[in-house]
Every structure is written in C-alpha cells, then in structure tokens.
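Me: Got a minute to go through this one with me? I'd like to start with the domains and then move on to the ligand.

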Amino acid sequence: MIPHSRPSITEDDVARVASVVRSAQIAQGPEVAALERELAARLGVEAAAVVSSGTTALELALRALGVGAGHEVLIPSYVCDALHHAVTRCAAQPVLVDADAETLSLSAKDAEARLTRRTRAVIVPHAFGLLVDLAPFLALDVPVIEDCAQALGGARGGRPAGAAGTLGVCSFFATKMIAAGEGGAVVGPARLVARVREAREYDECEPFGPRTNAKLTDMQAALARSQLARLDAFVARRRAIAARYHAHLGGADCRLPSDPERAHVYHRFVIGLERDPVTVQTALAARGIAARRPVFRPLHRALGLHGYPAAERLWDSRLSIPCYPALGDAEVDEVAQAMREALGR
Ligand SMILES: Cc1ncc(COP(=O)(O)O)c(C=O)c1O
C-alpha cells in the first residue's frame, strides 16, 4: 500500500523526543521557546508564538487582530473546515469566497466583491503548497492572515511564506511540511504575537479572559525543532517528486500544477482531471495507492450555500496523489504508471 501521506521520522527525531521525556520537563518550556526563536529566525519575522494546532493558531491570530462579534472574515470555500471553525470561535461571521482555478486558493476578485464595511480580515492559504501572490489581498486594505499550514519552507518574491501578511499561521500536524503530531504557530510582529502568547494560557493570569489552554508540549516542540532543521531537505525532496511526476505525466490527459515562479513546495501534488476524480481514485486504490480529493468538500456545500462555481469545478475535477519526502522514486514511478493507466481508460 502506498499511503496518501506519511511523515519522515528519523532515529534522531526519536532521540530528541526521548531526551525531553527523560528530562521530565515535558510541558511547555525551553523546547517551545527554542522552537519559537528558530521559527522566527527562519521566516525572518520579529516573533513566533507556538500553540496546540493550526486551527487554534488561526483563532488566536484573529483574536490578536481584534476580530470578534459583528465582524466578517473572508475565507475560501475550497479549503479545509478549520478556517470556518476558527472564525466562528471568535464569534465573527465567515464570508466564503469563490476559488481561483489557477492558485486553488481564493479569488482576489471575488474577495474584493464580497468586502463590506464589517470585513476585519482575510485568510489567504497557500493551498496545497502552491505559493500565492499576496499583493492583491494586501490591496484590500484589511489585515491579511497568511495561512502557511501547507507551505512552510516556501518563498515568493524573496519573502518566506509566513512573512508577507499581517500575521502568518503554521501547522505541525502529522502530514504537514514539518510534523509534530499536532501543533501550530502564529508568526509576525512582536506586538501582535505577544497577544497570542498571552491568550494561550489561563493559569495565574491577569486580566481574567478570554483565555484558553492552547499550549504545545516540549515533547512535540522537540520533534518540530528536529524536523525544522530538515525543512530545506523536505522541500527539495517534494520538488524532486513533483518534477518526476511532471516528467511521467506531461503527455497524459490531465492538468498538472504550473510553477513559473519556482516557488511551490508541493505539500500536495494536485492533478486536474476531465472526469470524476472518484473513478480515478478507485482505480488507484485497486492498485494499492491512496489518492484523495484535496478538499473533503467545499465549505459552501457544508453550509448549503450557492454561488461558488469555481470551487464546485475544483471539487469535481481535482485529485491529490501521494507526494511527501518519505516517498521513494520507485513509488513515484508506480503511482505515475497507475495514473497513466487510469487516465488511458
Ligand atoms: C490551509 C489549512 N489551514 C489550517 C489547517 C488547520 O491545521 P491543524 O490541523 O493543525 O489544526 C489546515 C489543516 O489541514 C489547513 O490545511
């Protein structure tokens, strides 16, 4: 079986976590503080606050920007549910934006059309590790949260992903660019990041609230640090896999991601099909290869909304095939061969 995702864990990763466990300093402590320093240095931002997940990072980033009841936040429809939940947990209203067929993130034009005087932020993901130009979103004149859950290690126009928006958000979930099991971070100006650090704990804190327990453990931070040290190698391997897929599937009846800026980090390798992606997914599964729709279902479908034709088309036509550093060349060739056969039918 070739799984859709598989983290790259080395003996060194194991040793670093074991050493924290042995030390008995297992809750948030020096490993979390070191991860924050290393992440901020890596992204060229003033500060980072590490938290328990990417979803919580989004929520606390919104709160740090003062988003709350009566406010609207622009988010894509073609995205995972986390963005919607983060906005509603702040008591704000998510406003869904249709997709951009090229970037697979949200359309800047549709975002502008849905802007109102209640809009307090826009969340822009680099969907599936495809780096988006933030300029048209920054021009909307509301704070931009750059969602790098799938794009850590990428850069565009010389700026690392995470450093170009008002705040950046990362995820360290098991399948992400660096894996700690769970985990996330908010990165950006020290003044805003301090608010996240302030809000993530409740014990012996003034003022009273609102607060939560959104801390990461030192065990997870040790794993994230060990992985962060290999981020460049992870990105290089993902790009090599993408190049290999391009070489194998260039002439096949499908649409491959294009990267004129050479910026993408290929958290996923997402293919455009002229047919129902489930038929190809089923053909691959019969050969022991796990492929997935890159988005479980668009948010407008979950909410029973209409008027998202581009997101609808993406949902009907895109398939994500295995692409992660632990995938060997022989496995890439096997997936590509199975794809060619499925498409040839
Ligand atoms: C674009 C995006 N943002 C945020 C998240 C949420 O991250 P987490 O799973 O760490 O809560 C995800 C998770 O898949 C994601 O893909």
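Me: What area is buried between domain 1 and domain 2?
Reply: About 2600 Å², and carbon and sulfur atoms give 64% of that. Keep in mind that this is a predicted model.

Me: Which residues in domain 1 lose the most area to domain 2?
Reply: Y78, F128 and M177. Together they make up 28% of what the domain 1 side buries.

Me: Back up a bit, where do the domains run?
Reply: The domain assignment puts domain 1 at 11–97 + 104–228, and domain 2 at 231–344. Taken over C-alpha atoms, their centres are 25 Å apart.

Me: And how many residues does each domain bring to the contact?
Reply: Domain 1 brings 30 residues and domain 2 brings 28.

Me: OK, polar stuff. How many salt bridges are there between domain 1 and domain 2?
Reply: Three salt bridges. R156 also shows up in a salt bridge with E261, where the closest N and O atoms are 3.7 Å apart.

Me: How many residue pairs are in polar contact between the two domains?
Reply: 15 residue pairs, with both residues at pLDDT 80 or more.

Me: Which elements of domain 1 give two or more residues to the side that touches domain 2?
Reply: Those are β2 (72–76), β3 (93–97), β6 (155–156) and α8 (218–228).

Me: What's the split by class on that side?
Reply: On the side of domain 1 that touches domain 2, you get 17 nonpolar, eight polar and five charged residues.

Me: Switching to the ligand. How many residues surround it, and which are the closest?
Reply: There are 13 residues around the ligand, and the closest are G54, T55, D147, S171 and K176.

Me: Which atoms of G54 lie 2.8 Å from an oxygen atom of the ligand, backbone or side-chain?
Reply: Backbone: an N or O atom of the G54 main chain sits at that 2.8 Å distance from a ligand oxygen.

Me: What about K176 and the ligand?
Reply: K176 uses its side chain, with a polar atom 2.8 Å from an oxygen atom of the ligand.

Me: And which ligand atom does D147 pair with?
Reply: A nitrogen atom of the ligand, 2.6 Å from an N or O atom in the D147 side chain.

Me: Zooming out, how many salt bridges does the count come to?
Reply: The count comes to 23 salt bridges. One pair to look at is R197 with E36, whose closest N and O atoms are 3.5 Å apart.

Me: Why pick out R197 and E36?
Reply: R197 is in helix α7 (residues 190–199) and E36 is in helix α2 (residues 30–43), so this pair ties together parts 161 residues apart in sequence.

Me: Last topic, backbone oddities. Which residues are joined by a cis peptide bond with omega of about -5 degrees?
Reply: E206 and P207. P207 is in the loop between α7 and α8. G209 and P210 are joined by a cis peptide bond too, with omega about 0 degrees, and P210 is found in the loop between α7 and α8.

Me: And what's up with phi of A24?
Reply: Phi is near 70 degrees there, a positive value in a residue other than glycine. A24 belongs to the loop between α1 (11–23) and α2.

Methods: Residues are numbered from 1 along each chain as its sequence is written. Side-chain values use heavy atoms; hydrogens and water are left out. Domain bounds come from an automatic or database domain assignment. Contact means heavy atoms within 4.5 Å. Buried area is the accessible area (1.4 Å probe) that two parts lose on being put together, summed over both. A salt bridge is a side-chain nitrogen of Lys or Arg within 4 Å of a carboxyl oxygen of Asp or Glu. A polar contact is a pair of N or O atoms within 3.5 Å; within protein, one must be able to donate a hydrogen and the other to accept it, and residues adjacent in sequence count only if both atoms are side-chain atoms. Helices (H or I, at least four residues) and strands (E, at least two) are DSSP runs, numbered from the N terminus. Ala, Val, Leu, Ile, Met, Phe, Trp, Tyr, Cys and Pro count as nonpolar, Asp, Glu, Lys and Arg as charged, and the others, Gly among them, as polar. A residue is near a molecule or strand if one of its heavy atoms lies within 4 Å of it.
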